[in-house]
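Reader: I am in my first year and would like to take a close look at a single part of this protein. Could you choose one residue and then show me how the rest of the picture grows around that place?

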Amino acid sequence: MLGPVILAASRSDRMRRLISAAPVTKQVVDRFIAGETVDDVIPIVQDLSAKGLELTMDVVGEDITTREQAAAARDAYLELVDRLKPLELGEKVEMSVKLSMFGQALEGGHELALANVRPVVEAAAEIGTTVTLDAEDHTTLDSMFAIHEELRRDFPQTGCVIQAYLFRTEADARRLAANGSRVRLVKGAYKEPAEVAYQQKHEIDKAYVRVLRTLMEGEGYPMIGSHDPRLISIAQELARQAGRKLDEYEFQMLYGIRSEEHLRLAAEGHRMRVYTAYGTDWYGYFMRRLAEKPANLRFFVRSMISK
Ligand code: FAD
């Protein structure tokens with residue numbers, strides 16, 4: 001019930017100002033956001049890597065409004081890649097990017113986002129790793145998939161994300177599984193209308209399994225982006241049925257969510273990648289995490305009241 005209200009608030013400037021300024025917000029935000037600067041996150045990268053985990057790094061930010069902000073987003077990723085270089089972790093640390101942060105929604109945004117993301121993909125390739133394009137709301141996806149295809153011509157390891165809640169995803173999965181793409185499958189985190197997306201949890205979960213089967217049976221590299229214990233064991237079974245070895249797919253979870261499970265799966269020999277978000281523009285990312293679990297919101301509200 002509350003999820004859609006919080007997701008609507010995630011797009012409100014007034015709520016953004018109110019929540020960002022609340023004195024207690026930081027301690028709740030810290031659970032999901034690994035730090036504000038690249039200096040904050042490098043020790044986290046080292047710590048998680050030492051524990052046998054892999055990472056995908058997200059410099060938080062989305063829906064920017066100027067070309068300068070888009071260029072700044074590109075530069076923030078380039079700085080990150082530069083700082084990762086001496087760690088020599090290669091593909092154990094990749095980057096996740098939101099094309100809206102690279103200017104996709106501005107005039108001429110498709111070309112602008114492509115022009116901004118390409119240097120990041122090139123820099124990542126130079127240190128032996130890659131980039132995954134996050135999936136945002138459904139109106140952005142045709143452009144995202146076209147950019148993905150374009151980047152894959154030179155960098156076939158470039159990944160993309162598909163969302164089980166969208167009706168279109170089964171067809172997208174068939175195409176991406178046939179062309180050998182790296183694909184992260186998630187349930188979907190945006191507020192989408194009934195014309196384009198399943199609304200009920202059980203329908204989304206069923207779609208997730210159908211799509212995952214397609215990915216597992218295909219030519220690509222499936223990345224299971226979920227904390228759902230049921231889907232994780234189904235994924236293991238589907239991988240077994242498809243004859244995939246442990247290094248022919250991976251699990252991915254968000255920093256700060258079910259951290260014990262990250263370690264358990266890694267200890268079982270699975271590739272386990274932690275989506276690690278950092279930066280100052282955390283509002284949209286944080287609100288989606290609140291919307292996913294009512295208990296997070298209760299904790300947030302309680303901490304505000306008890307101050
Ligand atoms: P759920 O059924 O929502 O959760 C299962 C269990 O996980 C819950 O019972 C709870 O124990 C735990 N859990 C889940 N979420 C939370 C939370 N916020 N706080 C505390 N506990 C929680 N969505 C997109 O639309 N585009 C993307 O590009 C994208 N990238 C993602 C990358 C990764 C690595 C992951 C893990 C998720 C990503 N998502 C993305 C978010 C995704 O769409 C879901 O909203 C999110 O993962 C919650 O769904 P779930 O599969 O974990 O299942």
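Author: In this predicted model, valine 97 is in contact, once its neighbours within four places in sequence are left aside, with Tyr77, Phe102, Val117, Val120, Val131, Leu133 and Asp134. Val97 also belongs to the largest nonpolar core, a set of 85 residues, and is listed there with Val120, Leu185, Val211, Leu212 and Ala277 as having the most contacts inside it. Val120 therefore appears twice, as a contact of valine 97 and as another of those core residues with the most contacts.

Another of the contacts leads us to the ligand, since Asp134, which is in contact with valine 97, is among the closest of the 23 residues that surround the ligand, together with Val186, Ser226, His227 and Glu292. Two or more residues of this shell are given by each of β4 (159-163), β7 (250-254) and α12 (283-292), and β7 supplies the largest share, 3 residues. Sorted by class, the shell holds 9 nonpolar, 7 polar and 7 charged residues.

Stepping back to the whole protein, we find 13 helices and 8 strands, and the radius of gyration is 18 Å, close to the 19 Å that the globule rule gives for 307 residues, so the protein is as compact as a globular protein of that length. Of those 307 residues, 44% count as buried, and among the contacts with a separation of 6 or more, 72% are between residues 24 or more positions apart.

Terms used
Residues are numbered from 1 along each chain as its sequence is written. This is a predicted model: local features need pLDDT of at least 70, side-chain atom pairs count only at pLDDT 80 or more; totals for chains, interfaces and linings use all residues. A residue is near a molecule or strand if its C-beta atom, placed from the backbone, lies within 6 Å of it. Helices (H or I, at least four residues) and strands (E, at least two) are DSSP runs, numbered from the N terminus. Ala, Val, Leu, Ile, Met, Phe, Trp, Tyr, Cys and Pro count as nonpolar, Asp, Glu, Lys and Arg as charged, and the others, Gly among them, as polar. The radius of gyration is taken over C-alpha atoms; the globule rule is 2.2 Å times the number of residues to the power 0.38. A residue is buried if 20 or more other C-beta atoms lie within 10 Å of its own, exposed if 12 or fewer, and partly exposed in between; C-beta atoms are placed from the backbone. Two residues are in contact if their C-beta atoms, placed from the backbone, lie within 7 Å. A nonpolar core is a set of buried Ala, Val, Leu, Ile, Met, Phe, Trp, Tyr and Cys residues joined through C-beta atoms within 7 Å.
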